[in-house]
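Work through the following exercises with the sequence and the three-dimensional model open beside you. Each task is followed by a solution that goes step by step.

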Amino acid sequence: MHKLVAITYSVLILVQSFNFGFEDLSKLSALMEHAEYHQETYGDSFFDFIVEHYGDDKFQHENEHEGHEDLPFKHHQSCAHTTLSFTLPNVNFTLEQPAFIEIPCNFFYKESTSSFEKPAVFQPPKFA
């Protein structure tokens, strides 16, 4: 089931990337009529018709006759890729460490009195 959903979403994204919708599907009849017009008038095959209207020759062919504005898939897409670059100024930080001040030893330990004998391992530290 997960694979079916993934494939369905992938196909949906693929179809949406072609950028055509229901308006284009409704204009398919105009495409077929215009293709028949080219076949009768100029003797063009369907492939030649597609090349003239959607290929490299479309700018030269648009001025020859009317009816090109009704053809499907004639969207004017604005695909603008912009690159933003942010430059930050160089900031140099100098870290100054304060001088080391020796703190006098204020440790005082007075051994408590206990009746238990403590082993030597567990004795508190002693100063020499």
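**Exercise 1. Leaving aside its neighbours within four places in sequence, which residues is His38 in contact with, and is His38 buried or exposed?**

Solution. Begin with the contacts, where contact means heavy atoms within 4.5 Å. Once neighbours within four places in sequence are set aside, His38 is in contact with Gly43, Asp44, Phe49, Glu52, His53, His61 and His65. Next, place the residue: His38 belongs to helix H3, helices being DSSP runs of H or I with at least four residues and strands runs of E with at least two, numbered from the N terminus. Then consider accessibility, for which buried means under 20% relative accessible area, exposed over 50%, and partly exposed in between, with a 1.4 Å probe and protein chains only. With a relative accessible area of 0%, His38 is buried. Finally, take one contact as a distance: His38 and Phe49 are eleven residues apart in sequence, and their C-alpha atoms are 6.9 Å apart in space.

Before going on, note that this is a predicted model, in which local features need pLDDT of at least 70 and side-chain atom pairs count only at pLDDT 80 or more, while totals for chains, interfaces and linings use all residues. Residues are numbered from 1 along each chain as its sequence is written, and side-chain values use heavy atoms, with hydrogens and water left out.

**Exercise 2. Which residues of helix H4 are buried, and what covers them?**

Solution. In H4, which spans residues 46–54, the buried residues are Phe49, Glu52 and His53. Looking down the axis of H4, one finds these buried residues within an arc of 85 degrees, so they line one face of the helix; the arc is that of the directions from the helix axis to the C-beta atoms. The cover over the buried residues of H4 includes helix H3 (28–41) and helix H5 (58–61). Now follow Glu52 to Glu62, which lies in the segment after H5: the two are ten residues apart in sequence and 8.8 Å apart in space, C-alpha to C-alpha. Glu62 is partly exposed at a relative accessible area of 36%, and, apart from neighbours within four places in sequence, Glu62 is in contact with His68 and Lys74.

**Exercise 3. How many aromatic pairs does the structure hold?**

Solution. A pair of aromatic rings is described by the distance of the centres and the angle of the planes. Rings of Phe, Tyr and Trp (its six-membered ring) pair if their centres lie within 6.5 Å, and planes under 30 degrees apart count as stacked, over 60 as edge-to-face and the rest as tilted. By this rule the structure holds two aromatic pairs. Tyr37 and Tyr42 form an edge-to-face pair, with 6.4 Å from centre to centre and 90 degrees between the planes. Tyr37 is partly exposed at 35% relative accessibility, and Tyr42 is partly exposed with a relative accessible area of 40%. For Phe46 and Phe49, the ring centres are 6.0 Å apart and the planes stand at 35 degrees, so this pair is tilted. Both residues lie in H4, three residues apart, about one turn of the helix. Phe46 is partly exposed at 43% relative accessibility, whereas Phe49 is buried, with a relative accessible area of 1%.

**Exercise 4. What is the chain made of, in helices and strands, and how much of the chain is buried?**

Solution. Count the elements to begin: the chain has five helices and zero strands, and from the N terminus on they run α-α-α-α-α. Turn next to burial, where buried residues make up 11% of the 128 residues in the chain. Lastly, look at contacts with a separation of 6 or more, 38% of which are accounted for by residues 24 or more positions apart.
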